[in-house]
Amino acid sequence: MTGDRPPRGAGMYVIATAGHVDHGKSTLVRALTGIEPDRWAEERRRGMTIDLGFAWTTLPSGRRLAFVDVPGHERFVTNMLAGLGPVPAVMFVLAADQGWQAQSQEHWEAIEALGVERGLLVVTRCDLMDPALAVEEARERVAWPVVTVAGSTGEGLGELRAALDRLVAGLPVADARAPVRLWIDRAFTIRGAGTVVTGTLAAGRLRVGDVLVLDGERVRVKGLQVTGEAVESVRAAARVAVNLRGVELERASRGKALLTPGGWVETSVADVRLETGAGSGEPPREAVLHIGSASVPVRVRPFGPVHGGTAGGAGMGSAAGTAHAAGVPRAHGTAHAAGAAVGGGARAVRLVLARALPLRVGDRALLRCSGRPITGVVVLDVLPPPLRGRGAGTRRAAELAPFAASDRATARMPDAATVLGWRGTVRRSELVAMGLGPLDVQVAMGHDPRPLDAQVATGPDPRPLEVPGAGDWLVDAGRWKELGERLGAIVAEQPGIPVDAARTALGLPARELVEALVRACPPLRVSDGRIDGDGVPDAVAEAVGRLREELARAPYLAPEAARLPELGLTRQAVALAARAGLVLRLADGIVLLPGADVAAARVLARLPQPFTAGDARAALGTNRRVVIPLLEHLDRLRLTRRLDERLRVVTGEGREPGGTGLEEGQP
Ligand SMILES: Nc1nc2c(ncn2[C@@H]2O[C@H](COP(=O)(O)OP(=O)(O)OP(=O)(O)O)[C@@H](O)[C@H]2O)c(=O)[nH]1
Ligand SMILES: [Mg+2]
């Protein structure tokens with residue numbers, strides 16, 4: 001069977017075995033594939049599977065099927081779970097002469113907790129006893145099709161192959177475009193080739209030369225094998241062996257994962273819903289989390305109880321579900337609105353992992369704790385907020401309550417809009433890495449044509465979720481509106497605030513978000529890296545009025561620096577008025593009215609050319625303190641030109657009658 005060449009294009013499938021020790025799992029795999037799954041001498045000596053075994057065959061249809069053969073002994077449950085973790089279906093084996101045993105039960109609970117819904121029940125050793133009783137026992141628990149066989153005599157294997165063909169034909173097609181998370185289940189070295197890891201590729205595709213992430217570091221795929229044959233590329237599902245360039249064996253142990261760069265969040269904190277086994281009593285404080293081939297000790301932190309509500313997890317869920325189905329961004333704070341209880345069988349808890357794992361929203365995993373039944377968990381958030389301060393746990397519980405219904409049929413999952421509502425601000429790439437694809441989110445880039453109120457409207461909106469933001473950043477629409485209001489208040493209080501200062505004041509992560517917010521909030525505008533509103537504060541406008549009166553008779557005789565504050569023109573007021581075009585600031589403490597420069601050039605044009613600073617001072621009726629910076633300003637505007645240390649001329653531009661409408665000497 002090993003030499004079978006599969007027909008081109010036939011898919012490959014991977015399933016795991018399960019069942020009590022000695023019930024005949026490995027015997028069946030051997031009989032079906034011709035490959036010995038018990039790889040170790042110790043396993044063969046003891047007649048018992050200790051670690052995972054791997055074997056494959058071609059089914060009558062031409063489909064290729066690989067088995068991950070697991071140990072049944074209770075001491076090796078961790079190994080069993082490492083094999084079961086990444087597969088979509090199971091061949092559950094029960095000995096006709098032994099019936100339902102302890103690890104039959106434990107394996108079945110694990111299968112349920114991990115949400116593995118497809119499988120085949122194989123009652124074997126039928127040569128030893130009539131299978132009727134065992135079949136009946138199993139049927140009380142397992143709703144899968146049943147096949148009766150005898151692994152060691154070969155009886156019923158034809159029917160078993162046909163049943164396996166039907167099983168895999170009904171499996172969902174693995175998504176080859178998904179990011180790769182190859183949970184390593186074996187790692188070894190081959191002389192001359194270096195480190196090789198194997199795993200069940202459940203989704204995505206691998207190519208020789210690919211760069212992947214292992215333990216936070218980039219590694220390159222040097223070679224690939226699928227069921228013993230070298231290949232250039234492989235798409236899920238498949239059993240694969242990956243030869244890694246320059247990776248030491250210690251770095252590539254079971255439970256680690258090879259990841260598509262940027263495709264995953266590696267986290268050591270996750271908020272999860274407890275499913276099976278969570279119905280009664282307090283959850284354990286410490287347990288082991290099993291996901292993929294990984295098993296990691298975790299601390300379990302329940303959130304504070306939520307007061308004032310009934311056991312309304314499911315009810316909350318359906319109410320919030322309506323809003324989300326309509327694709328409407330949720331106003332900030334809605335999640336806090338209802339006091340839904342997280343008790344009553346529905347549980348959300350925080351897991352703190354002993355080491356970071358690549359997790360995403362919707363992942364199923366299980367918790368084991370000695371003396372307690374297995375608990376299934378579903379990941380709700382992989383970048384949860386730190387719980388700081390009083391009431392933080394209660395608030396978090398309320399946020400999670402709509403997703404904590406223990407009833408699988410009504411349980412909902414947080415989507416991109418939910419997470420955005422929780423966080424307020426999130427990177428689009430982070431949502432993707434969390435498993436909340438970008439497809440339903442279109443960033444409005446601050447150009448959403450609808451007014452802010454409409455952007456947070458609660459009415460049904462058939463368009464894809466449109467959220468404000470900038471670049472990679474998305475902002476919850478309710479938060480955006482609130483930020484716009486706060487920015488308006490900040491600018492009213494501190495007109496001309498630098499963009500970076502506004503970013504800090506608003507607690508925003510990126511400058512581009514502030515700029516987008518300004519664009520979304522007319523009449524706010526950015527100039528020279530500062531944010532202004534419309535006009536200037538009344539006090540500044542009044543001070544400019546007083547300046548105008550003061551300059552009415554002598555438009556070029558700027559008030560003394562000490563006089564400015566008396567007029568109400570503090571340094572800050574001058575800066576504001578200058579940016580708003582209400583005054584002409586020649587130098588520190590020297591302020592004229594706008595247009596005074598052009599008018600001065602016209603006066604100077606009537607002087608005999610060239611002229612001196614003294615000539616200019618007399619013609620303009622001002623003093624030396626003002627005339628020097630004024631002339632320098634005119635030089636910069638190219639209205640005058642300096643000939644030497646003493647002399648200037650008015651240029652052509654300065655002499656031409658301008659279209660400014662300004663009267664000579666009357667700016
Ligand atoms: N008579 C008979 N014996 C069988 C049959 N299948 C398995 N056995 C025997 O049962 C014993 C256990 O078989 P295995 O295939 O190693 O059982 P297993 O489920 O893989 O055991 P673990 O991997 O240790 O959990 C071996 O001695 C087999 O020869 C069968 O159909 N008929
Ligand atoms: Mg075995």
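Trainee: Which residue stands opposite Val526 in S29?

Mentor: In this predicted model, the residue of S29 that stands opposite Val526 is Ile531.

Trainee: How do you know that S28 and S29 count as paired strands?

Mentor: Pairing requires that DSSP finds at least two bridges between two strands. S28 and strand S29, which covers residues 530-532, are joined by three bridges and run antiparallel, so the requirement of at least two is met and the two strands pair.

Trainee: What makes strand S27 and strand S28 edge strands?

Mentor: The open sheet has three strands in the order S27-S29-S28, with antiparallel pairing. Strand S27 (497-498) and strand S28 (525-527) each pair on one side only, and that is what makes them the edge strands.

Trainee: How do you know that S10 pairs with S11, and also with S15?

Mentor: The test is again at least two bridges. Strand S10 (residues 211-214) is joined to strand S11 (residues 217-226) by four bridges, with the strands antiparallel, and S10 meets strand S15 (residues 257-259) over two bridges, likewise in the antiparallel sense. Two bridges satisfy a limit of at least two, and therefore the partnership of S10 with S15 also counts as pairing. Within these pairs, Val211 stands opposite Arg220 in S11, whereas Leu214 stands opposite Leu258 in S15.

Trainee: Which residue takes a positive phi in the hairpin of S10 and S11?

Mentor: That residue is Asp215, with a phi near 55°, in a hairpin that has two residues between the strands.

Trainee: What makes S7 a partner of S15 and of S8?

Mentor: Strand S7 (residues 181-190) pairs with S15 in the antiparallel sense over three bridges, and six bridges join S7 to strand S8 (residues 194-201), which also run antiparallel; since at least two bridges are needed, S7 pairs with each of them. Trp183 stands opposite Ala257 in S15, and Phe188 has Val196 as its bridge partner in S8. In the hairpin of S7 and S8, with three residues between the strands, Gly192 takes a positive phi near 90°.

Trainee: Why are Ser26 and Thr49 called donors to the magnesium ion (ligand 2)?

Mentor: For this metal, an N, O or S atom qualifies as a donor within 2.8 Å. The atoms concerned are OG of Ser26 and OG1 of Thr49, which coordinate the magnesium ion at 1.9 to 2.0 Å; these distances fall within the limit, and both atoms therefore count as donors. The pair links distant parts of the chain, 23 residues apart, with Ser26 in helix H1 (residues 25-33) and Thr49 in the loop between helix H2 (41-46) and strand S2 (53-58). Water is not among the atoms, so the site may look incomplete.

Trainee: Are Ser26 and Thr49 buried or exposed?

Mentor: Buried means under 20% relative accessible area. Ser26 has 9% and Thr49 has 8%, so both of them are buried.

Trainee: What makes the approach of Thr27 to ligand 1 a polar contact?

Mentor: A polar side-chain atom of Thr27 lies 2.5 Å from an oxygen atom of ligand 1, and because the cut-off for a pair of N or O atoms is 3.5 Å, this pair qualifies as a polar contact. Backbone N or O atoms of Gly151, at 2.9 Å from a ligand oxygen, and of His23, at 3.3 Å, pass by the same reasoning. The protein covers 80% of the 650 Å² of accessible area that ligand 1 has on its own.

Trainee: How many residues surround ligand 1, and which element gives the most to its shell?

Mentor: The shell holds 19 residues, with Thr27, Thr49, Gly72, Arg125 and Ser152 as the closest. H1 gives the most, with three residues, and the shell divides into five nonpolar, 10 polar and four charged residues.

Trainee: Why is Gly621 called partly exposed, while Thr57 is called buried?

Mentor: Partly exposed lies between the limits of 20% and 50%. Gly621, in the loop between helix H20 (613-620) and helix H21 (624-636), has a relative accessible area of 40%, so Gly621 falls in that range. Thr57, which lies in strand S2, has 5% and is therefore buried.

Methods:
Residues numbered from 1 in each chain as written. Chains lettered and ligands numbered in written order. Predicted model: local features only at pLDDT ≥ 70, side-chain atom pairs only at ≥ 80, totals over all residues. Heavy atoms only, no water. Donors = N, O, S within 2.8 Å, 3.2 Å for Na, K, Ca; no water. Buried < 20%, exposed > 50% of the residue type's maximum accessible area, 1.4 Å probe, protein only. Near = heavy atom within 4 Å. Polar contact = N/O pair within 3.5 Å; in protein donor to acceptor, adjacent residues only side chain to side chain. Areas by Shrake-Rupley, 256 points an atom, 1.4 Å probe, with all protein chains shown as cover. Nonpolar A, V, L, I, M, F, W, Y, C, P; charged D, E, K, R; others polar.
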